Structures are given as C-alpha cells and as structure tokens.
Amino acid sequence: MAFSEAEVQRARGAWEKMYANAEDNGTTVLVRMFTEHPDTKSYFTHFKGMGTAEEMEQSDQVRSHGKRVLTAINDLVQHLDSTDAFLGIVNPLGKKHAMQLKVDPKNFRIICDIILQLMEEKYGGDCKASFEKVTNEICTRLNNAYKEAGW
C-alpha cells in the first residue's frame, strides 16, 4: 500500500468523524444501499421482509450490521500504515464474503460509494477526499481476496 504519513493522518481524521456515530451512520449506509440497490438485500434473509426505510432504520438487526460494517472499516483504517496488518484483516474478510456468504464483490464498491457520499454530506468534500483512497484500497484488496478464493 502506498499511503504517506500525511494521507494516513487525513484519512484517520476523516474516518474518526464518521465512526464517532458508528451505529447511526452504519444504519444510514445500509438503508441507502438497500433502498437504492434493492438486490443487495437478497444477501440478508432476515432483512427481506422490511419494505420501508423507516422499518430498516428501526431494526436492531440492520443497526447492528451497520455498526459491524463500520467497525470492520475502522479496523482497516487503524492499520493503514501496516500493509501486513491491513491484509491480515481484509483478506479473511474478503474470503468469508466470497466463499461463505457468496456476496457479489461489486457490492463493496456500492457500499464504499455510499460511505463517501454520506461523509461528504455530513462533513464536507475535504472529508470525502481524504477518504477516497482508503475506499479504493479496500475495494481493490477485497477484489484480490475474491480472486484468490477463485471467484
């Protein structure tokens, strides 16, 4: 990975804002993904019966998974300055989503784009710009893990 110390610090500063309210922001990200890309809901059998954004926003399961997604990204952000540690997190995550959960890897780009959109809305364009390279790295590394898993 090619992150300068300044890029790592900017990315962590941007992410800190997003992660400070992980449950609500994670919920917003998932609800947007499910409403803007309804096919993504098919991977979550326990979310299928929820038809409205309001139902999803109030669901403990959606809120919990949204927080889990942001927590996984937080773990990656904390290791931007260590390729080995970063890969030690992202590779098993990618393989689990490929082999066990059978999630189409295009969904990672969808969720990362929604995260960037939310960052820009809530915290401004500089925040988004500081985090774009991170989402690109996450998506690239997840796609590589899928390839290694034979996807």
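User: In this predicted model, which residues does phenylalanine 131 touch, not counting residues up to four places away in sequence?

Analyst: Phenylalanine 131 touches Ala11, Trp15, Ile73, Val77, Leu116 and Met119.

User: What makes the set around Phe131 a nonpolar core, and which helices supply it?

Analyst: The term applies because the residues of such a set are buried, of nonpolar type, and joined through side-chain atoms within 4.5 Å. The largest nonpolar core has 43 residues, and Phe131 is among those with the most contacts inside it, together with Trp15, Met18, Ile73, Leu80, Met119 and Val134. At least two residues each come from helix 1 (5-19), helix 2 (22-36), helix 4 (60-77), helix 5 (83-100), helix 6 (106-123) and helix 7 (125-148). Helix 6 gives the largest share, nine residues.

User: Why is lysine 41 said to have no salt bridge?

Analyst: A salt bridge requires a side-chain nitrogen of Lys or Arg within 4 Å of a carboxyl oxygen of Asp or Glu. The nearest side chain of opposite charge, glutamate 55, is 7.3 Å away, so lysine 41 is buried yet has no salt bridge.

User: Where is lysine 41 placed, and what is in contact with it beyond its neighbours within four places in sequence?

Analyst: Lysine 41 lies in the loop between helix 2 and helix 3 (53-58). Its contacts beyond those neighbours are Phe34, Phe47, Lys48, Met50 and Gly51.

User: Why is lysine 102 called partly exposed?

Analyst: Its relative accessible area is 49%. Partly exposed covers values between the buried limit, under 20%, and the exposed limit, over 50%; lysine 102 is therefore partly exposed. Lysine 102 is found in the loop between helix 5 and helix 6, and has a positive phi of about 55° although it is not a glycine.

How values were computed:
Residues numbered from 1 in each chain as written. Predicted model: local features only at pLDDT ≥ 70, side-chain atom pairs only at ≥ 80, totals over all residues. Heavy atoms only, no water. Buried < 20%, exposed > 50% of the residue type's maximum accessible area, 1.4 Å probe, protein only. Helix = DSSP H or I, 4+ residues; strand = E, 2+ residues; numbered from the N terminus. Contact = heavy atoms within 4.5 Å. Lys, Arg positive; Asp, Glu negative; His and termini not counted.
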